[in-house]
Amino acid sequence: MKIIFVKDYEQMSAEAGELIAAQMKIKPNCVLGLATGSTPEGTYEYLANLYGSNKIDFSKVTSFNLDDYYGLAPEHEQSYRYFMNKHLFSKVNIPIENTHVPSGIAEDIDAACAEYDRAMEASGGVDLQLLGIGINGHIGFNEPDDKFTANTHLVRLDESTIKANARFFDDPKDVPKQAVSMGIKNILQARKILLLASGQNKAEAIYQTVLGPITPSLPASALQLHSDVVLIVDEAAGQKLWDAKKQGKVHEYVRTF
Ligand code: PGA
């Protein structure tokens, strides 16, 4: 895993935006795996600005999002389809029919999940997968468990995730208890993975992701099995890892501040 230590959220977003822009220049018809949450918002703003100054073109890009809440319609303000339209898709020239977000309201969820996997495969596979991380080490909505789940599936959200995401809802009771998420195999099939983390509450999960055992009780640890992962951490999220680096435990890294 290559680690980029940056100062703050703004730098993290700029570094991530530049890496995604580079992917789009190398392969204009690339397939991007996209994420939601507070972490990638700044990256999407950065990309929208690059697009606004004619530096990148989304006209041939395809996208697949990691997850969405079960039971929320795309028009719901807290659905991840709504988030993506608001923060990225409406600001750039990606054809909306090229964008995919798992459906949380399909009548037959299992069939919709299988179809999502098929569509990803038919697209040629994800070239670059953007990821955030939960404080419990989840990626997508792959929650800590006693096994890894391979493909897109319905998941029961962890109490810690429901609590962490309550900030987005008027009433904490409104946070859905389930979600539809790509599985760990889907994520590991991406050719390149870009993991972002900002803030002190992610420091332990990030440390375990990089240096802990590979275990479904910390799903992000599966990323150790992938040969092309770039991790961008700000000072707070990277603190524990930086301490480990001082003890010689981290090798492939750059520090930008
Ligand atoms: P956050 O969520 O970006 O809102 O912190 C990340 C995640 O839960 O994967």
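A polar contact is a pair of N or O atoms within 3.5 Å; within protein, one must be able to donate a hydrogen and the other to accept it, and residues adjacent in sequence count only if both atoms are side-chain atoms. The model is predicted, so local features need pLDDT of at least 70 and side-chain atom pairs count only at pLDDT 80 or more, while totals for chains, interfaces and linings use all residues. Residues are numbered from 1 along each chain as its sequence is written, and side-chain values use heavy atoms, leaving out hydrogens and water.

**Exercise 1.** Determine which residues surround the ligand.

*Solution.* Step 1: a residue is near the ligand if one of its heavy atoms lies within 4 Å of it. Step 2: the residues around the ligand are Gly37, Ser38, Thr39, Gly132, Ile133, Gly134, His138, Arg167 and Lys202.

**Exercise 2.** Describe how Lys202, Thr39 and Ser38 approach oxygen atoms of the ligand.

*Solution.* Step 1: a polar side-chain atom of Lys202 is 2.7 Å from a ligand oxygen. Step 2: for Thr39, an N or O atom of the side chain lies 2.4 Å from an oxygen of the ligand. Step 3: Ser38 uses a polar backbone atom, 2.9 Å from a ligand oxygen.

**Exercise 3.** Explain which parts the pair of Tyr69 and Phe141 ties together.

*Solution.* Step 1: the whole structure holds ten aromatic pairs (Phe, Tyr or Trp rings, for Trp the six-membered one, with centres within 6.5 Å). Step 2: Tyr69 and Phe141 form a tilted pair, 5.7 Å centre to centre with 40 degrees between the planes; planes under 30 degrees apart count as stacked, over 60 as edge-to-face and the rest as tilted. Step 3: Tyr69 lies in strand 4 (residues 67–69) and Phe141 in the loop between strand 6 (128–131) and strand 7 (153–156), so the pair ties together parts 72 residues apart in sequence; strands are DSSP runs (E, at least two residues), numbered from the N terminus.

Methods: Helices (H or I, at least four residues) and strands (E, at least two) are DSSP runs, numbered from the N terminus.
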